[in-house]
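User: I have a model in front of me and would like to know what stands behind the words used for it. Please take me through a few of them.

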Amino acid sequence: MILDVLRSIRTSSSSSTTTTTGGRIILQSFGFYSVSTSKMRDIKVKSDSRELITSSDEEEEAAAQIIESVSIREKEISSSSLSVKSTPEIEKKYVHRVYDAIAPHFSSTRFAKWPKVAAFLESLPCGSVILDAGCGNGKYLGLNPSCFFIGCDISHPLIKICSDKGQEVLVADAVNLPYREDFGDAAISIAVLHHLSTESRRKKAIEELVRVVKPGGFVLITVWAAEQEDTSLLTKWTPLSAKYVEEWVGPGSPMNSPRVRNNPFFSLESIPETEVSTKEQKADNSPFIGLESIPESEESTRELKETKASIVEQKEESLEALKKSQQEYFVPWHLPYHRAEVSGASASALATGLAKKDDRKGAVVYNRYYHVFSEGELERLASRVGNAMIVDRFYDKSNWCIVLQKAALNQD
Amino acid sequence: MRLITHNMLSCNIKGVTNGFPLRIEAGNVIEKEVDFNPDFIRHMFAKLEWKALVEGARSMGYAELPEDSPDAAVLESDESFLKKLHHALLELHLEEGALVCPETGRKFPVNKGIPNMLLHEDEV
């Protein structure tokens, strides 16, 4: 299931191109994180190569800034009058609207049953009532024919697909389940929590899963891992600065200016060098020009070679650092044109800048927001939920997974 | 929406303490046959809020369930009771209608068998 997504976004570009492009994006991203916007616009091409070669100290600082800005945002949200149950803009635009637009296509790629999830469901006693919160296209509903499944999802188009298959489903929010407590025998949350943009919402969703199952009931949760088995995938994803996650508001925002849009860093996929005109970049004096476009006349050949050599070294470190510290991403979804026409939602998505066309691939490209989980993060979050115990934890196919058991009645 | 689901659904608007059970406004109810599994029905019985089920069934046009929750003996031996319970829980579908919060009167629509329980910004 997760592999299905990963396969669908993999391109056939050569690994060296991907690595190089990935390297460039990673270095650019640290440049982006560690300086303010106004400073970046003043950076000239010549000094770029120096600025872009960050030391590992600077990289760590940049990483710390990302983490700090996330926790600041969390504090802002918790101290504001906004309820943890209010849906943040980034989720409305880059989760809800996207899934609504891609639902049938998404569903058609969601057929492989993940063995670990199947095993969990099959281990439950006959006649169990199983609650699937964030059931998507209902892939797991009815997987164990001796059990009764009730699914919910925030996407009506996805729920419609489940309903058409005869499943018992409703439209609801995983952060605020419209269920009375203790009803379910078990609950599952498969690839859902990584679409929640704050820690408090992710924790709330876990609390909801525990609340709605009976004492002694089991909960299985799986989420995408920051530690992806296929690291080349990370280059297909757009890492987000937490600061800009909030400011990503649409057509009026500075993030949507033509200069920004033509910038490979802000592109929705790792577009190879040939797609962005080098001339255009030079003329722009953009701070994000790749090393390949540094004019020979501005650097000695030797200096340039040294620069490139150390960049290659730094790129490996950066990839590691990025993997460790960066957990907020846009992951592209390519909706083929013929599918987009049927859905109809893509016209407005394109008009508002929510999606963009890729004629080369014949697809409308949407971005889905992900907070991928680092090792131990899901456990730490779940351990803060009072009346449940972790009974299993594992990493499987680039997902962190956990099984919780709700406290039995006679225990605390 | 089946009554098995209705028996679990509750209004989760902020501040509401008495959001269960939701009153059913039945527009269109259909029946779909489901294989009878007595063990499952017995297992379900322990979870049910009986009054909510009886009232919900009545709203959907089915009045065969006893007002009072039967005791364990009935569950073990009385197959006709189990079949009525099976029919009420699994075979009646609310296709069109609404679920109404007993405390606030808020209506959650049911269309094509799918309840929409999403709250508005100001209800959260």
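Analyst: The model is predicted, and what follows takes some terms one at a time.

User: What makes H6(A) and H8(A) a contact?

Analyst: Contact means heavy atoms within 4.5 Å. From helix H6 (residues 89-108) of chain A, Tyr99(A), Asp100(A), Ala103(A), Pro104(A), Phe106(A) and Ser107(A) take part. Helix H8 (residues 156-164) of chain A brings His156(A), Pro157(A), Leu158(A) and Ile161(A). The two axes come within 7 Å and cross at roughly 35°.

User: Which kinds of residue make up the contact of H6(A) with H8(A)?

Analyst: The residues divide into seven nonpolar, two polar and one charged. Asp counts as charged, so Asp100(A) is the charged one.

User: How do you know that S8(A) and S9(A) pair?

Analyst: Two strands pair if there are at least two bridges between them. Four bridges join S8(A) to strand S9 (residues 363-371) of chain A, so the condition is met. The two strands run antiparallel. In one of the bridges, Ala355(A) has Tyr366(A) of S9(A) as its partner.

User: Why are S6 and S8 of chain A said to stand at the edges?

Analyst: The open sheet has four strands in the order S6-S7-S9-S8 (chain A), with antiparallel pairing. Strand S6 (238-239) and strand S8 (355-358) of chain A each have a single partner strand, so one side of each has no neighbour in the sheet.

User: Which strands of the sheet does H6(A) touch?

Analyst: H6(A) packs on the sheet and touches strand S7 (328-336) and S9 of chain A. The direction of H6(A) makes about 130° with that of S9(A).

Terms used
Residues are numbered from 1 along each chain as its sequence is written. Chains are lettered from A and ligands numbered from 1 in the order in which they are written. This is a predicted model: local features need pLDDT of at least 70, side-chain atom pairs count only at pLDDT 80 or more; totals for chains, interfaces and linings use all residues. Side-chain values use heavy atoms; hydrogens and water are left out. Axes are lines fitted to C-alpha atoms, for helices over the stretch in contact, and angles run from 0 to 180 degrees between N-to-C directions.
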